[in-house]
Amino acid sequence: FGETVTWPAERAADYAELRAHVVFRDELRAAAAEFAARRLHGEPYIAVHWRRGDRTHPEMGAGGRASYDAVAPPRLVRFVRRLLRRHPAARRVLLLTNSGEAAERAALRAALPQLVEYDPGAVGLPTGWAHAQHHSIVEQILGSTADAFLAGPHHFARLSTFARVVVEERELAGRVAGSTYFMQPRERLFAHVEYGSALTAELVEGEGGVERVGDPALHCVDCF
C-alpha cells in the first residue's frame, strides 16, 4: 500500500481486512447497474479514469505539467485504442473524468465512437454539486465492474484516491489484477501485476499487433 502518510505500509494488513467490510450503499450499486444497462447496453466495456486538474495540472509545477501532458487527449485516444485491441470483446468505453473542458471531451467523442460519458440524469439521479459525491461513487462502482480499467499517470501507489478505490473494489470483486492498466509518460502503458503493490509490467509488442505483458518491476517510482 506504499509508504505515505495516508497509506502507511506497516498498517497494510489491518487496512485490507477493514476495507473488505466497507461497502457501497445498495441504491448506489443499483444506480450503477441501471446506467450500465441503459447506456452501456449491458455489453463489455473499458472504464477510463481521465484525471484533468488538481495535482495533475500545469499550475502544480513540472510534475503537474508532465502528468497533464502524459494524458493529453490525443495520447488518451491512443492508450484507449491499444486497450480495445487487447480487449476485443469490449464494445463501449466509459469515460470517468473531472475535466471541465467541453472541447477536449468533444475531441475524445469524435475520435472514439465507442465513448460513453457518465450522466447521472440517465438513471434519474439528481444533478448538481450537492450530489457530486454520490455521482463519484456510482462512477467508482462502474469502474470496478468494467472488463478493464485504465488510470494514471503513475502506478497504484501514486494514484488518486478515486482510482485507488476503483482498484480496491476490483480486487474485492475478484477481477484479475492484470485487467487494470496505468498510463505513463512517453505513451508507455503498464498492467497492474499484484493487488496492494506498485508492481507493474509494461505492455510490449506482441504477435499479430496485440501487445503482450512484459516482465514485472517497480516502474515509474520517480517518473519526473
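## L76 and its surroundings

Let us start with L76, which sits in helix α4; helices (H or I, at least four residues) and strands (E, at least two) are DSSP runs, numbered from the N terminus. Beyond its neighbours within four places in sequence, L76 is in contact with V48, W50, V71, L108, L150 and M183, where contact means heavy atoms within 4.5 Å. One of these partners, L150, is 74 residues away along the chain, and the two C-alpha atoms are separated by 9.9 Å. Is L76 buried or exposed? L76 is buried, because its relative accessible area is 2%; buried means under 20% relative accessible area, exposed over 50%, and partly exposed in between (1.4 Å probe, protein chains only).

A word on the ground rules: this is a predicted model, in which local features need pLDDT of at least 70 and side-chain atom pairs count only at pLDDT 80 or more, while totals for chains, interfaces and linings use all residues. Residues are numbered from 1 along each chain as its sequence is written, and side-chain values use heavy atoms, with hydrogens and water left out.

## How α4 meets α5

Helix α4 (residues 73-86) packs against helix α5 (residues 102-111) at an angle of about 35°, and their axes are 10 Å apart. Here the axes are lines fitted to C-alpha atoms, for helices over the stretch in contact, and angles run from 0 to 180 degrees between N-to-C directions. The crossing of α4 past α5 is right-handed; a crossing is left-handed if the near helix is turned anticlockwise from the far one by less than a right angle, and right-handed if clockwise.

Which residues of α4 and α5 meet? From α4 come P73, L76, V77 and R81, and from α5 come E104, L108 and A111. These contact residues divide into 5 nonpolar, no polar and 2 charged. In this scheme, Ala, Val, Leu, Ile, Met, Phe, Trp, Tyr, Cys and Pro count as nonpolar, Asp, Glu, Lys and Arg as charged, and the others, Gly among them, as polar.

## Two nonpolar cores

The largest nonpolar core holds 31 residues, of which F35, L40, Y45, L94, V138, L142 and F149 touch the most other members. Such a core is a set of buried Ala, Val, Leu, Ile, Met, Phe, Trp, Tyr and Cys residues joined through side-chain atoms within 4.5 Å. The elements giving two or more residues to this core are α2, β1 (45-50), β2 (92-97), α6, β4 (148-151) and α7 (161-172). Apart from it lies another core, of 23 residues, and L76 belongs there, along with V77, L115 and A191 among others.

## F35 and the aromatic pair

F35 has plenty of company: leaving aside neighbours within four places in sequence, its contacts are L40, L94, V116, E117, Y118, D119, A122, V123 and L142. F35 is buried, with a relative accessible area of 0%, and Y118 is buried too, at 12%.

How many aromatic pairs are there? The count comes to 1 aromatic pair. F35 and Y118 form this tilted pair, 5.0 Å centre to centre with 55° between the planes. For the terms: rings of Phe, Tyr and Trp (its six-membered ring) pair if their centres lie within 6.5 Å, and planes under 30 degrees apart count as stacked, over 60 as edge-to-face and the rest as tilted. The pair links distant parts of the chain, with F35 in helix α2 (residues 26-39) and Y118 in the loop between β3 (115-117) and α6 (132-145), 83 residues apart.

## R86 and G214

Helix α4 also contains R86, which is partly exposed, with a relative accessible area of 25%. Not counting residues up to four places away in sequence, R86 touches Y181, L203, V210, E211, R212 and V213. The C-alpha atoms of R86 and G209 are 9.3 Å apart, with their positions 123 residues apart along the chain.

G214 is placed in strand β8 (residues 212-217) and counts as buried at 15% relative accessibility. With the same exclusion of residues up to four places away, G214 touches A201, E202 and V204.

## Positive phi in two loops

H41, in the loop between α2 and β1, has a positive phi of about 55° although it is not a glycine. E187, in the loop between β5 (180-184) and β6 (188-192), has a phi near 60°, again positive in a residue other than glycine. H41 is partly exposed at 48% relative accessible area, and E187 is partly exposed at 25%.

## The chain as a whole

The chain has 7 helices and 8 strands, and 47% of its 224 residues count as buried. Among contacts between residues at least 6 apart in sequence, 60% join residues at least 24 apart.
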